Amino acid sequence: MTGDDTTRPLRIGLIGLGVISRFYAAALEEVPGVELAAVCDLRDEALAPYRDRVPCFTSHADLLAAGGLDAAVVNVPNDAHAAVCGDLIAAGLPVCVEKPLATRLSDGRALVRAARDGGVVLFTAFHRRYNGNALALLEAIPPGVGIEWMVVRYLEKIEEHAGADAWYLDADRCGGGCVADNGPNAFDTVRQFLGPVELESAEVVRDGAGTDRQAKVSLTAASGARGRVELDWSYEGERKDVTVRLTDGSLHSADMLDGYPEFKQSLWHEYRGIVTDFAQAVRAGEDRAEGGLAALELVAEIYRRESTAGEPTTTGAAR
């Protein structure tokens, strides 16, 4: 946007009204300089609460054809990210896509190429990047003191978090299990603290249906700092935290859920952070494609190594 356009709110369409959509919708109403301008979902019942508020569509193609948008949020099931984002990018519309960028690395790379070739903002939403407790920990690291190692734990019972979105438990639609869906948030947190990282090793545990339910992933940064990510889709309760050991020997931690006792309560402020940052990227025309692709590359490499290493560890039932 240029000229006088910068004085009006960004008109943003929300595509996909699943369990996470309420956090986007609230943020689009609360963040200055943006507005919810249209919604799209295949289900009439999902559109019903918006009928008297904004234009409603059952096809993202129809939403695009109607025009009037400055950007769009893509919150459809993971397996549809590539197709929907591809259409939006081809139309020149900036995109904020809920993580992961895509379910296949080839699709993610194609989206990044298309966005960069077309000069279109492609922004992957990692909501934990905006967690106030984690940000406070990052900002409290003294200047000149490095990180020796860090651990990010992302533990939850996926059935509780998926709600009505049963596609989370369909490996083809989700792109995998905990590595594919929770992994990107945790990997991005490591990158937020350490910078670009490479995969050192990974241990993946699958249930009787073949879905990865637990994983332990070791990462290494160019500085030599090490990161460890622990993922669990079968954890009774919920734990999302970060622990860092600095080069001065001190140990520090942040509980991402501290101060947010209600279920998913922390997401309200995190999604305000996403929308704020996305709006800034759109107005500035910034290239934000790297983060989404970096996380997807790690997911793909973990699964690739697992497939070439032989049979993964399995458990007969979720613990």
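Student: How far is the sulfur of Cys96 from the closest cysteine sulfur?

Tutor: Happy to start there, keeping in mind that this is a predicted model. Cys96 is buried, with a relative accessible area of 1%. The closest cysteine sulfur belongs to Cys85, and the gap is too far for a bond because a disulfide needs the two sulfur atoms within 2.5 Å. The separation is 9.1 Å.

Student: What about Cys56: which cysteine holds the sulfur closest to its own?

Tutor: The reasoning runs along similar lines. The distance here is 9.4 Å, which is again too far for a bond. The cysteine in question is Cys40.

Student: How many disulfides does that leave by this rule?

Tutor: The sulfur of Cys56 is too far from that of Cys40 for a bond, and the sulfur of Cys96 is too far from that of Cys85. By the distance rule, the count of disulfides is 0.

Student: Let's turn to the sheet. In what order do the 6 strands of the open sheet stand?

Tutor: The pairing in this sheet is parallel. Strand 3 (56-57) and strand 6 stand at the edges; each has a single partner strand, so one side of each lacks a neighbour in the sheet. Reading across, the order is 3-2-1-4-5-6.

Student: How many bridges join strand 1 to strand 2?

Tutor: These two strands run parallel. One of the pairs matches Leu10 with Val34 in strand 2. The number of bridges joining strand 1 to strand 2 is 6.

Student: And which residue in strand 4 is the bridge partner of Ile15?

Tutor: Strand 1 (residues 10-15) also runs parallel to strand 4 (residues 71-74), and 4 bridges join them. For Ile15, the partner in strand 4 is Val74.

Student: How many of the 7 residues of strand 2 are buried?

Tutor: To count as buried, a residue must have under 20% relative accessible area. Strand 2 is largely enclosed by the rest of the structure, because the number of its 7 residues that are buried is 6.

Student: At about what angle does helix 11 run to strand 6?

Tutor: Helix 11 (residues 267-284) lies across several strands: strand 1, strand 2 (34-40), strand 4, strand 5 and strand 6. Relative to strand 6, the helix runs at about 170°.

Student: Now for the charged side chains. Which residue does Asp181 meet in a salt bridge?

Tutor: Side chains of opposite charge can pair when their charged atoms come close. For Asp181 the N to O distance is 3.1 Å, and the pair links distant parts of the chain, 82 residues apart, with Asp181 in helix 9 (residues 178-181) and its partner in the loop between strand 5 (95-98) and helix 5 (105-118). Asp181 is buried at 3% relative accessibility, and the partner is also buried, at 7%. That partner is Lys99.

Student: In the salt bridge of Arg129 and Asp188, which residue is buried and which is partly exposed?

Tutor: Their side chains meet at 2.9 Å, N to O. The two residues are 59 apart along the chain, Arg129 in the loop between strand 6 (122-125) and helix 6 (132-140), Asp188 in helix 10 (residues 183-194). With a relative accessible area of 27%, Arg129 is partly exposed; at 3%, the buried residue is Asp188.

Student: How many salt bridges does the structure hold?

Tutor: Some of them form a network, which links Arg8, Arg11 and Asp70. Another joins Arg228 and Glu230 at 3.3 Å, N to O. The total for the structure is 28.

Student: Which backbone oxygen does the side chain of His81 reach?

Tutor: His81 is found in helix 4 (residues 81-90) and is buried at 0% relative accessibility. Its contacts beyond four places in sequence include Val74, Val97 and Lys99. At 2.6 Å, its side chain reaches the backbone oxygen of Pro100.

Student: One last residue: with which side chain does Asp212 make a polar contact of 2.9 Å?

Tutor: Asp212, in strand 9 (residues 212-221), is buried at 1% relative accessibility. A polar atom of its side chain lies 2.9 Å from the backbone nitrogen of Val179. Among its contacts beyond four places in sequence are Gly176, Arg206 and Trp233. The side chain joined to that of Asp212 by a polar contact of 2.9 Å is Tyr303.

Note on methods:
Residues are numbered from 1 along each chain as its sequence is written. This is a predicted model: local features need pLDDT of at least 70, side-chain atom pairs count only at pLDDT 80 or more; totals for chains, interfaces and linings use all residues. Side-chain values use heavy atoms; hydrogens and water are left out. A salt bridge is a side-chain nitrogen of Lys or Arg within 4 Å of a carboxyl oxygen of Asp or Glu. Buried means under 20% relative accessible area, exposed over 50%, partly exposed in between (1.4 Å probe, protein chains only). Two strands pair if DSSP finds at least two bridges between them. Contact means heavy atoms within 4.5 Å. Axes are lines fitted to C-alpha atoms, for helices over the stretch in contact, and angles run from 0 to 180 degrees between N-to-C directions. A polar contact is a pair of N or O atoms within 3.5 Å; within protein, one must be able to donate a hydrogen and the other to accept it, and residues adjacent in sequence count only if both atoms are side-chain atoms.
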